[in-house]
Amino acid sequence: MAERKNEPNPNRNLIGLGKVIAVLTSGGDAQGMNAAVRAVVRMGIYVGAKMYFVYEGYQGMVDGGSNITQVSWECVSSILQRGGTIIGSARCASFRTREGRLKAAANLIEKGITNLCVIGGDGSLTGANLFREEWSGLLDELAKNGKINKDDIKNYSHLNIVGLVGSIDNDFCGTDMTIGTDSALHRIIEVVDAIMTTALSHQRTFVLEVMGRHCGYLALASALACGADWVFIPESPPEEGWEKHMVEKLSENRAHKKRLNIIIVAEGAIDSQNQPITSEKIKNLVVDELGFDTRVTILGHVQRGGTPSAFDRILASRTGVEAVLALLDAKPETPACVVSLSGNHVVRLPLMDCVKMTQAVQKAMDKKDFKRAARLRGRSFENSLRTYKLLSQKETTAETPKSHFNVAVMNVGAPAAGMNAAIRSAVRVGITEGHKMFVVSNGFEGLSKGEIKEFNWTCVRGWTGQGGSILGTKRTLPGMFLEQIAEQIRTHKINALLVVGGFEAYLGLLELSAAREKYKEFCIPMVMVPATVSNNIPGSDFSIGADTALNTITDTCDRIKQSASGTKRRVFIIETMGGYCGYLASMGGLSAGADVAYIFEEKFDIRELQANVRHLTGKMKTSVQRGLVLRNENCNENYTTDFIYQLYSEEGKGTFDCRKNVLGHMQQGGTPSPFDRNFATKISAKAVQWLTKKLTDNFQNGKVFVNDDDSVCLLGMRTRTLLFQPVVELKKETDFEHRIPKEQWWLKLRPLMKILAKYKISYQVSSSAEMENIECRSREDSECQ
């Protein structure tokens, strides 16, 4: 999407005039569905279309009447943070019959609806495609029965379908994440974290059953996020004799003073003979063989409940807007499409190609071709499975290779949730690679003082869910300690260095790289993994910790908005962290439904501030009598939070009053989100494997020596892939004065927040908004989820 500018005349944007669009939710509910409904309705109204709700899914379409109702802008206010779906969802047997679809077609034509946005799983989307394919035949039959006339056949000759995948199981091929999956993971991890405290108290084993009748994503992702001892999923059944292996592992863990065991089971878990593995069977096995105090917890529908996460709200909003654009672009020959997430891009894919690939997974499992089933789930799923196995199953001393390399890991910069998960992953993967793993406390300053300690496998047990930095972290750069750091590297025979941190970590590696000519000790492989709530590291679209901070901001904004529900006509000014980077303010604004977010990257002046006040004044005349304004902490040195608060208070006097809130360091605290845990785990594992290759490739005459630019890299997520990039090459992409990248991908999403807040701005559709090929898409599958 190209950059959008404020446009005083919105009429040029009414490309949807004459279009009639209906939105429905079908199948199982999922958190984020309401955010998608809101985005579809508001984007439709924005482009000039007439918008309808279809209540109770396909059943409401078949029944017609008041189930199909025209909606306004205000109808979708205050639903962004609500779980479930406000328009209802129901299984509909009658829609599976031609008679039911005839009734549905007649009801749509009665309202003039020929554009349908369906939010649901693969069954709901398949039904929508069948409806579309039969449309002309249904119209002919309705005309023959006298239900419609010939003009209706001409005016409503084709039905456009666009799907959004709402499913907590993440079981739809073609998208990295389905709407609701991230929120379901939040619910699971909340339960796991709570259970761990009681399990520790009583030395218990807990067997947790999570949803996933045909897909093990929730079980696998939650096992990775909490460091579970064992996981059972349908795509990767345990090998024959798994009972003995599991008992031995649990027994070994207890012998090493581990006071709890967590086993996660997908409800559709099977063995290699396609026989079910139930949570009760696992409990009985543990009790009979080990005598451990074992409890079963079946999470059930709690996974569908609660408020949607920030990730799901943003995903739903982005895909909802794109769905409307896809409907506007659709022609009679355009196949039904599904709007999907690919890395940080929203793409359109042929609906039935995705459905066929999804069905192919089950066929592969039925044939016991489990490797193909996992591969069809996507590269992200395969990578998660591979990483989990690597980190959960410690090899015996005899099986572990010996590399004779010493690898050091450390945190640098401000603390960020997920740093501990990254260190745990790095230490354990390093041990499986045969290295001696050393941890450094308190950043580069600690390294200069020799605060270095060797860690074994059990030293990082339980670190995954811990917030902050257990090792300690400082912002100090290495420049003033170069001689002492070189001495410590020489003393401890450090052969490689992994730095997990923020902008100071990036600057630190630049300094160490530049000092190689003077200090040969720095001629070792070095890699950085980005970890900062600000998400301001060049070379990576995402940083560890940013998702947790974003959820904190979103939760706080929800509570603030709720406090305003009883006090009408109030505007809240919220200051977020981020330095000069506006990521948290912008994405927090989109996920919380803010009216405006002020950031450094997008300049503003007093006229825009006044225009925003006028916008909020007009809003107070509607039924939505509250406002939310976010401000990045360094967006402008003169227009401070206090200044904006005072300006809004003065200009809004008599219409609304103001309150301000500086969120501060609470954004750096708390337990890491599932996304940050898993992202940290996978990216650190890949970083250590890269170090291993560099070490083996550059080991000569009993020592490691490298001094090329490619040996000091940052591992970052770029669009759809994890890439190693030399830090010196990233200098040209960096604004060092303001500590931000010169180009930031999320800036293109800022117009969405204003559109969904009813600002009159121009919105130009990207010329590349065409359907992608599912085969190409699956080969490029993202690694970040």
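Colleague: Which residue is the bridge partner of V440 in β14?

Modeller: In this predicted model, V440 has I452 of β14 as its bridge partner.

Colleague: What makes β13 and β14 a pair?

Modeller: Two strands pair if DSSP finds at least two bridges between them. Strand β13, residues 436-440, shares four bridges with β14 in the antiparallel sense, so the two strands pair by that criterion.

Colleague: Where do these strands sit in their sheet?

Modeller: The order is β14-β13-β12-β15-β16-β23-β24, an open sheet of seven strands with mixed pairing.

Colleague: Why are β14 and β24 said to stand at the edges?

Modeller: β14 (452-455) and β24 (721-726) each have a single partner strand, so one side of each has no neighbour in the sheet. From one strand to the next, the twist averages 25 degrees.

Colleague: What is the strand order in the open sheet that holds β3 and β11?

Modeller: Its seven strands run β3-β2-β1-β4-β5-β10-β11, and the pairing is mixed. Here β3 (68-70) and β11 (345-350) are the edge strands, each pairing on one side only. Neighbouring strands are turned by 25 degrees against each other on average, direction ignored.

Colleague: How do you know that β2 and β3 pair?

Modeller: The cut-off is at least two bridges. Strand β2 (residues 50-54) and β3 have three, in the antiparallel sense, so they count as paired. On β3, T69 is the bridge partner of F53.

Colleague: Which strands does helix α1 lie across?

Modeller: Helix α1 (residues 33-46) lies across β1 (20-25), β2, β4 (115-120) and β5 (160-165). The helix runs at about 155 degrees to β2.

Conventions: Residues are numbered from 1 along each chain as its sequence is written. This is a predicted model: local features need pLDDT of at least 70, side-chain atom pairs count only at pLDDT 80 or more; totals for chains, interfaces and linings use all residues. Side-chain values use heavy atoms; hydrogens and water are left out. Axes are lines fitted to C-alpha atoms, for helices over the stretch in contact, and angles run from 0 to 180 degrees between N-to-C directions. Contact means heavy atoms within 4.5 Å.
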